[in-house]
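Student: Can you walk me through this model? I'd like to start with how the chains meet.
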Amino acid sequence: MMDDGHEPEWRIIGKSVQGASHVRTGLPNQDAICWLPESGTGLPLVLAVSDGHGSAKCFRSDVGARLAVETTTKVIQEFLESLPEPPNLSTIKRWAEENLRREIVRRWRDAVADDLSAKPFTSAELEQADAKVGGSKRRQVVPDPILAYGATLLTVVVAEPFILYLQLGDGDILTISEMGEVGRPPLPADERLFANETTSLCSRDAWRDFRSHFQVLSGPPPALILVSTDGYANSFRNEADFLIVGADILEMIRSDGLDAVDERLQTWLTEASQEGSGDDITLGILCRVDALKIPAGRVPAEQLPCMEEAAAGESENPTKPLSERRAEKPQDAASEEETV
Amino acid sequence: MKKRPGGELATRPLHFIWIADCSGSMAVDGKVQSLNYAIRNAIPDMRKVADENPNAEVLVRAIRFSSGAQWHISQPTPVADFEWTDLTADGVTDMGKALSMVADQLKIPPMTDRALPPVLVLISDGQPTDDFKSGLKALMDQPWGKKAVRIAIAIGEDADDEVLQEFIGHPELKPLQANNSESLVKYIKWVSTAVLKSASSPASQAADSSSLVVNVPIPAVPDTGPSSANDVW
C-alpha cells in the first residue's frame with residue numbers, strides 16, 4: 001500500500017510504428033499495443049504489447065499480435081472486476097501464477113480459431129509462404145494453422161496494492177524510479193530468447209513459457225514502467241545506450257509533460273527503427289503522475305544533492321551508462337517481491 | 001529538450017566469414033585460383049545486397065586453413081571496404097583448428113547478443129587432417145555458433161561430404177558440390193547475395209527445441225546442372 005494512504009494517479013501512453021525494413025518490403029506492422037481502461041488513466045491499469053513473428057510461416061502474425069493484446073487486457077480486466085473489495089492479494093497472486101497464463105493462451109487460441117473460421121487461409125497467402133521459404137514450411141502451417149499467428153506478449157498490471165509483470169517471448173520491461181534509476185523486474189532468464197528465436201503464444205504448452213513477477217507494494221512504486229518490443233532495444237549500440245531511454249523519458253516528461261512526450265513518440269520510434277534495427281517498434285509507458293512532481297518530503301533532504309547531480313549528469317553526458325548507478329542503489333528495496 | 005531518448009543508435013552487425021581450405025590439393029587444377037576469382041567476383045553483388053538493407057551492418061572476414069589456420073582477413077571489414085587478397089595453397093587440412101578459431105571470435109564478447117545471425121561459409125576439397133570434431137564442438141558450444149547460418153561448399157569429388165554435413169548440422173541442407181569453376185562461381189555468388197539477403201533481415205520465429213530449426217530461411221540453391229564433361233575436379 002502507498003504509505004500516504006491516497007490512491008495514486010497513473011496514466012498510460014504508447015505507440016507502435018512499422019519498422020524501416022518492413023516499409024521497404026511492404027510487410028505491415030506486426031506489433032500491437034492495447035491498454036484498459038481505454039482512457040489510459042486511473043487504477044487498475046492493464047497494458048499489453050505484442051510482437052508478431054513476421055516470418056514466412058507466420059503470415060498472420062500481425063493479427064495474432066492484435067488478438068494477443070486485446071484478449072489479454074480483457075482477461076485481466078474481467079478478473080480484476082470480479083474481485084471482492086478489498087481484494088485478497090494471495091488470491092490475486094495465485095491467479096497470476098497459475099490460472100492467468102492458461103486463460104490468456106486459451107482465449108488467444110479461441111480468438112485465432114474464430115479469425116481462421118471467418119477468414120480461412122487463401123491460396124495467395126499459402127503460395128506467398130511457399131515462395132518465401134519453400135514447401136516444407138507450408139506443410140508445417142497447414143496441419144497447425146495457429147503457427148501463422150505466432151506472437152510474443154508483454155503485460156503489466158498496475159493496481160493500488162501490487163504490480164504484475166508478465167512476459168512470454170522477447171522484448172523489454174524497464175522500471176524507472178523517482179530518482180531516475182533504471183532497472184528491470186527480476187524475471188527469470190530464458191536462454192531460448194537469443195538470435196531471432198523467441199518463445200511464443202503459438203508454441204505447444206505456451207503457458208509454461210511465461211515468466212512473471214508479482215510485486216506487492218509497500219514502498220514507492222516505480223515512477224515509470226516502460227514496455228517495448230525487441231525492435232527498440234535492438235536499435236541501440238548496446239544495453240547501456242538502451243537503458244538511458246528510461247531516465248531520459250522521465251526527465252522529458254518532467255520538463256515537457258506527458259502529452260508532449262506522447263506526441264513525439266511516433267517520431268522517436270520511427271527514427272530508432274530507421275537508424276537502428278529496422279524492426280517494428282512498440283513502446284508503452286505507464287506513468288505514476290505524482291512521481292513527476294517529486295513532492296517535498298518524499299525524498300530525504302540529504303539525498304536531494306544526489307538527485308540533482310544525477311539529473312545534471314544525464315543532460316551533460318547522455319550516453320553515460322546507468323547500470324553503474326543502478327548497481328550502487330537497489331530499486332524498490334522496501335517492496336515485497338516474488339518472481340515466478 | 002533532448003532530441004530523443006536513449007544513447008547511440010546503431011544498425012545490427014552481420015558477421016560474414018569465409019572459411020577456406022588452402023591445403024596443397026587446392027593448388028591442383030586451378031581450384032584456389034577459381035576460389036579467388038569467385039569471391040572477388042562476388043564482392044560487387046555483395047555490396048549491392050548490403051546497400052539494399054541499411055539496417056544490417058555487413059562485416060566480412062576470412063580465415064584459411066592448411067597446416068594450421070590463420071586469419072586471412074582478420075578485421076571484421078565493412079563490405080563497402082572489403083577487398084579480396086588472393087589465397088595460396090600448400091600443406092595439410094587443419095579444418096578443426098580453423099573452426100575453433102572462428103569459435104573464439106563468436107564468443108560474447110567480442111560478439112554482442114544484438115547481432116544478426118552470422119553467416120559461416122566453409123569451402124573444402126578434402127578431408128580434415130586434425131581433430132575436426134573438437135573444432136566443431138568448440139564452434140557449436142558458442143550460442144552464435146549454434147545459431148549461425150552454416151553453408152558448406154565441396155570442391156571436387158574428394159571433398160569429405162560427411163564432415164561438411166556435420167558442419168551444416170541440418171539434414172535438409174546439403175553441401176553444395178562444385179566440380180568446376182563455373183559452378184563454384186555460382187555457389188559463391190549465391191551465398192554472397194541470396195543467403196546474405198536472407199540473413200540480413202531474419203524474422204522472429206518460435207523457439208523449438210524439439211526439432212532442428214534453420215533460423216534463417218535458406219533460399220533456393222542455384223541449379224548448376226548435371227555432371228558434365230566440364231567437371232574437372
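Tutor: Sure. Between chain B and chain A, 20 residue pairs are in polar contact, both residues at pLDDT 80 or more. A polar contact here is a pair of N or O atoms within 3.5 Å; within protein, one must be able to donate a hydrogen and the other to accept it, and residues adjacent in sequence count only if both atoms are side-chain atoms.

Student: Which elements of chain B give two or more residues to the side that touches chain A?

Tutor: They are α4 (143–147) and β7 (205–206) of chain B. The biggest giver is α4(B), with three residues. Helices (H or I, at least four residues) and strands (E, at least two) are DSSP runs, numbered from the N terminus.

Student: And what sort of residues are on that side of chain B?

Tutor: They split into 15 nonpolar, eight polar and 10 charged. Ala, Val, Leu, Ile, Met, Phe, Trp, Tyr, Cys and Pro count as nonpolar, Asp, Glu, Lys and Arg as charged, and the others, Gly among them, as polar.

Student: Before I go on, where do these numbers come from?

Tutor: This is a predicted model, where local features need pLDDT of at least 70 and side-chain atom pairs count only at pLDDT 80 or more, while totals for chains, interfaces and linings use all residues. Residues are numbered from 1 along each chain as its sequence is written, chains are lettered from A and ligands numbered from 1 in the order in which they are written, and side-chain values use heavy atoms, with hydrogens and water left out.

Student: OK. How many residues of each chain are in contact?

Tutor: 33 residues of chain B touch 46 residues of chain A, with contact meaning heavy atoms within 4.5 Å. The two chains bury about 3400 Å² between them, 54% of it on carbon and sulfur atoms. That area is the accessible area (1.4 Å probe) that two parts lose on being put together, summed over both.

Student: How many salt bridges cross the interface?

Tutor: Three, by the rule used here: a side-chain nitrogen of Lys or Arg within 4 Å of a carboxyl oxygen of Asp or Glu. One pair between the chains is Lys147(B) with Glu197(A), at 2.9 Å, N to O.

Student: What about strands, which ones join across the chains?

Tutor: Strand β8 (residues 197–198) of chain A runs parallel to β7(B), with two bridges joining them. Thr198(A) stands opposite Ala206(B) there. Two strands pair if DSSP finds at least two bridges between them.

Student: Switching to chain A alone, what's in it?

Tutor: Chain A has 10 helices and 12 strands. Of its 340 residues, 57% are buried, where buried means under 20% relative accessible area, exposed over 50%, and partly exposed in between (1.4 Å probe, protein chains only). One open sheet has five strands in the order β1-β11-β10-β6-β7, with antiparallel pairing. Its edge strands are β1 (10–17) and β7 (182–183), each pairing on one side only.

Student: Where do β10 and β11 of chain A line up?

Tutor: Leu226(A) stands opposite Ile285(A) in β11(A). Five bridges join β10 (residues 224–228) to β11 in chain A.

Student: Is Glu125(A) buried or exposed?

Tutor: Glu125(A) is buried, and Arg60(A) is too. Their side chains meet in a salt bridge (2.9 Å, N to O). The pair links distant parts of the chain, with Glu125(A) in helix α4 (residues 123–133) and Arg60(A) in the loop between β3 (45–51) and α2 (61–82), 65 residues apart.

Student: Now chain B. Why would you call β1 of chain B largely enclosed?

Tutor: Because 10 of the 10 residues of β1 (residues 12–21) of chain B are buried. Both faces are covered, with Phe16(B) and Trp18(B) among the buried residues on one side and Ile17(B) and Ile19(B) among those on the other. In general, side chains in a regular strand alternate between the two faces of the sheet. As for its neighbour, 10 bridges join β1(B) to β2 (residues 56–66) of chain B, and the two run parallel.

Student: Which residues of chain B does the salt bridge at 3.6 Å join?

Tutor: Asp45(B) and Lys189(B), going by their closest N and O atoms. Asp45(B) is in helix α1 (residues 31–52) and Lys189(B) in helix α6 (residues 181–200), so the pair ties together parts 144 residues apart in sequence. Asp45(B) counts as partly exposed at 25% relative accessibility, and Lys189(B) does as well at 40%.
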